[in-house]
Amino acid sequence: MRADVQQFLTQRTTRTADHDPQRLLAAKQASGTTVSVVLPAKDEERTVGPIVETLLRAWTRDVPLVDELVVMDSNSTDATSAVAAAAGARVVHVEDVLPHLGSVPGKGEALWKSLACTTGDLVVFLDADLVDVDPGFVLGLLGPLLTDPGVGFVKGFYDRPLATTEGLVPTGGGRVTELLARPLLNALWPDLAGVVQPLGGEYAGRRSLLERVPFVSGYGVEFGLLVDLTRLAGIEALAQVDLGVRRHGHQSDAALGRMAGQVLQTALARLPGGGPTTTDQLLQFVRTGEDVEAVGWDVAVSERPPMAQVLARSTR
């Protein structure tokens, strides 16, 4: 193992239990730091309400670590917005933010636009499909940021149980990570080999850094942020936290293949010189009776520029 990776694993990796709520609250108040929690959501009416209620109870009422909780609704067709608002969240529709720039599909768009409609010095991102959410997720992600001024970006990691026909496999989730993202990092960005879950949807960062990097529109957003923020601030600004267990829905192998295509496009764009010329098409195959049918998918990703540049232009 590389010495820098070993150092990261021993000095920049903690657990939620290592961070005391009252100590973090005291640090937050002493520094005058503000915190925003953002949940990007699309058709998550089943899970978003309990998540919002749990987090508000824990971190605005019991221990006031969080100053605002925003659900970014990405054109949901169900009751996501109504459920989130009823639970106490401020709901923002993605298409209403910076409307002159339009909207592009994907989770990354919601995360990027959240920087324009939130105010916290620290921004915590959590997926909205979590089941039985642990409020400790917020505590763990904020811990390194509130106690170490040298930390700028914190990635969460966890066990991801996978439901199979034979029952629940404790750590079966994260197939795109193991089959694509981890080999890519080890081969091309080896200083990031110690990041346990590079594609995990739970992470937090300082606004001063998040506004200085681009956001990929689709499933490549986490990979892009990890590489770009490390390039901007250095591996010493990165930390990770063991959040325990994450329960959520799982996608089919075909859907994961399309996700992997977007992650790969994101990685190739970050190679020196922009990487090789590639196709944006992913060909998959489905059985239709006795025949095999080819189905093409567009896995291209677009990038939004650093938010600091956008906001600077709008104030001229």
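**Figure 1. Contacts across the whole chain.** Among the contacts in the chain with a separation of 6 or more, 73% are between residues 24 or more positions apart. Keep in mind that this is a predicted model. Its secondary structure comes to 11 helices and 14 strands. Of the 316 residues in the chain, 50% are buried. The accessible surface comes to about 14200 Å², and carbon and sulfur atoms account for 53% of that surface.

**Figure 2. An open sheet of 8 strands.** If you follow the strands across this sheet, you meet them in the order 1-11-6-9-5-2-3-4, and their pairing is mixed. Why is one side of strand 1 and of strand 4 left without a neighbour in the sheet? Strand 1 (13–15) and strand 4 (90–93) stand at the edges and have a single partner strand each, so one side of each has no neighbour there. From one strand to the next, the twist averages 25 degrees. As a general reminder, strands of a sheet pair through backbone hydrogen bonds, in either a parallel or an antiparallel way.

**Figure 3. Strand 2 beside strand 5.** Here you can look at one pair from the sheet: strand 2 (residues 35–41) and strand 5 (residues 122–125) run parallel and are joined by 4 bridges. To find your place, look for V35, which stands opposite L122 in strand 5.

**Figure 4. Two helices packed on the sheet.** Helix 6 (residues 136–147) packs on the sheet and touches strand 1, strand 2, strand 5, strand 6 (153–159), strand 9 (203–206) and strand 11 (238–245). The direction of helix 6 makes about 160 degrees with that of strand 11. Helix 9 (residues 221–233) also packs on the sheet, where it touches strand 6, strand 9 and strand 11. Between the directions of helix 9 and strand 6, the angle is about 135 degrees.

**Figure 5. Helix 7 and its bend.** Where does helix 7 bend? Helix 7 bends by about 35 degrees at A181, and a proline, P183, follows within four residues. You can check the length too: at 1.5 Å a residue, the 14 residues of helix 7 should span 20 Å, and the end C-alpha atoms are 19 Å apart, which agrees. The buried residues of helix 7 include V176, L180, A181 and L184. Among the elements that cover the buried residues of helix 7 are helix 9 and helix 10.

**Figure 6. Helix 10 and its buried residues.** Try the length check again on helix 10 (residues 253–269): at 1.5 Å a residue, its 17 residues should span 24 Å, and its end C-alpha atoms are 24 Å apart, which agrees. Among the buried residues of helix 10 are L256, M259, V263 and L268. The buried residues of this helix pack against helix 7 (175–188), strand 10 (215–216) and helix 9.

**Figure 7. A close look at D228.** This residue is found in helix 9. Is D228 buried or exposed? With a relative accessible area of 8%, D228 is buried. Leaving aside residues up to four places away in sequence, D228 touches V213, P214 and R270.

**Figure 8. A close look at P21.** You will find P21 in helix 2 (residues 21–31). P21 is partly exposed, with a relative accessible area of 24%. Not counting residues up to four places away in sequence, P21 touches W59, V63 and L139. P21 and V63 are 42 residues apart along the chain, and their C-alpha atoms are separated by 7.2 Å.

Notes:
Residues are numbered from 1 along each chain as its sequence is written. This is a predicted model: local features need pLDDT of at least 70, side-chain atom pairs count only at pLDDT 80 or more; totals for chains, interfaces and linings use all residues. Side-chain values use heavy atoms; hydrogens and water are left out. Two strands pair if DSSP finds at least two bridges between them. Axes are lines fitted to C-alpha atoms, for helices over the stretch in contact, and angles run from 0 to 180 degrees between N-to-C directions. Contact means heavy atoms within 4.5 Å. The expected span of a helix is 1.5 Å times one less than its number of residues. Buried means under 20% relative accessible area, exposed over 50%, partly exposed in between (1.4 Å probe, protein chains only). Accessible areas come from the Shrake-Rupley method with a 1.4 Å probe; for residues, only the protein chains shown count as cover. The bend at a residue is the angle between axes fitted to the seven residues ending there and the seven starting there.
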